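Visitor: I would like to learn how to read a protein model. Could you take me through one, feature by feature?

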Amino acid sequence: EILYTFEGVVHKFRPDFLIRLTNGKMLILEIKGQDSRQNIAKREFLDEWVRAVNQHGEFGVWCWDVSRIPADVRDILAKHGNA
């Protein structure tokens, strides 16, 4: 679970998918249709979390992305090195 703050309240969320890519990276993939201010806040904290994990260095390399339509998943995987 990743903690984030929205409108002064601490929340937590579980990413939709954790994907181990063939290049060894861990991809956190969120699936979103419509966006909201709360989803934007989640992604800001997710980005901070990923940067912190990568800076720590002992948990491998992590990345994250958002899929808005099923057709973009292949491009997301290619973008992060799983093509």
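**Reading the model step by step**

Guide: Trp62 has 16% relative accessibility, so Trp62 counts as buried. Keep in mind that this is a predicted model.

Visitor: Why does 16% make Trp62 buried?

Guide: Buried means under 20% relative accessible area, and over 50% means exposed. At 16%, Trp62 therefore falls in the buried class.

Visitor: Which aromatic pair includes Trp62?

Guide: Start with the whole structure, where a search finds two aromatic pairs. In one of them, Tyr4 and Phe13 meet edge-to-face, at 5.8 Å centre to centre and with 70° between the planes. Trp62 pairs with Trp49, also edge-to-face. Their centres are 5.4 Å apart, and the planes make 85°. This pair links distant parts of the chain. Trp49 belongs to helix H1 and Trp62 to strand E5, 13 residues apart.

Visitor: Is Trp49 buried or partly exposed?

Guide: Trp49 is partly exposed, because its relative accessibility is 30%. In the other pair, Tyr4 is buried at 3%, and Phe13 is buried at 7%.

Visitor: How do I read a strand, such as E5?

Guide: Begin with the general idea. In a regular strand, side chains alternate between the two faces of the sheet. Now the case here. Strand E5 covers residues 62-67. Five of its six residues are buried, so E5 is mostly covered.

Visitor: Which strand is joined to E5, and how do the two run?

Guide: Look for bridges between strands. Strand E4, residues 26-31, is joined to E5 by six bridges. The two strands run parallel.

Visitor: What do E4, helix H1 and E5 make together?

Guide: Follow the path from strand to helix to strand. E4, H1 (residues 37-56) and E5 make a β-α-β unit, and the unit is right-handed.

Visitor: Can we follow one residue? Where is Leu29?

Guide: Leu29 sits in strand E4. Across from Leu29, in E5, stands Asp65. Leu29 has 4% relative accessibility, so Leu29 counts as buried.

Visitor: What does Leu29 touch?

Guide: Set aside residues up to four places away in sequence. Leu29 then touches Asp16, Phe17, Ile19, Asp65, Val66, Ser67 and Ile76. Sequence separation and distance in space are two readings to take together. Leu29 and Tyr4 are 25 residues apart along the chain, and 17 Å separates their C-alpha atoms.

Visitor: Which residues form the largest nonpolar core?

Guide: Think of a core as buried nonpolar residues joined through their side chains. The largest one here has eleven residues: Ile2, Tyr4, Phe6, Phe13, Met26, Ile28, Ala41, Leu46, Val50, Val53 and Trp62. Strand E1 (2-6), E4 and H1 each supply at least two of them. H1 gives the most, with four residues.

Visitor: What does Met26 touch?

Guide: Leave out residues up to four places away in sequence. Met26 touches Leu18, Ile19, Arg20, Val61, Trp62 and Cys63. There is also a second, separate core of five residues, and Leu21, Leu27, Leu29 and Ile76 are among them.

Visitor: Is Arg43 buried or exposed?

Guide: Check the number, not the residue type. Arg43 is buried, because its relative accessible area is 14%. Arg43 lies in helix H1. Beyond its neighbours within four places in sequence, Arg43 contacts Asp35, Trp64, Val66 and Arg68.

How values were computed
Residues numbered from 1 in each chain as written. Predicted model: local features only at pLDDT ≥ 70, side-chain atom pairs only at ≥ 80, totals over all residues. Heavy atoms only, no water. Buried < 20%, exposed > 50% of the residue type's maximum accessible area, 1.4 Å probe, protein only. Pairing = 2+ DSSP bridges. Right-handed = clockwise from strand over helix to strand, strands pointing away. Contact = heavy atoms within 4.5 Å. Phe/Tyr/Trp six-rings, centres within 6.5 Å; stacked < 30°, edge-to-face > 60°. Core = buried A, V, L, I, M, F, W, Y, C linked by side-chain atoms within 4.5 Å.
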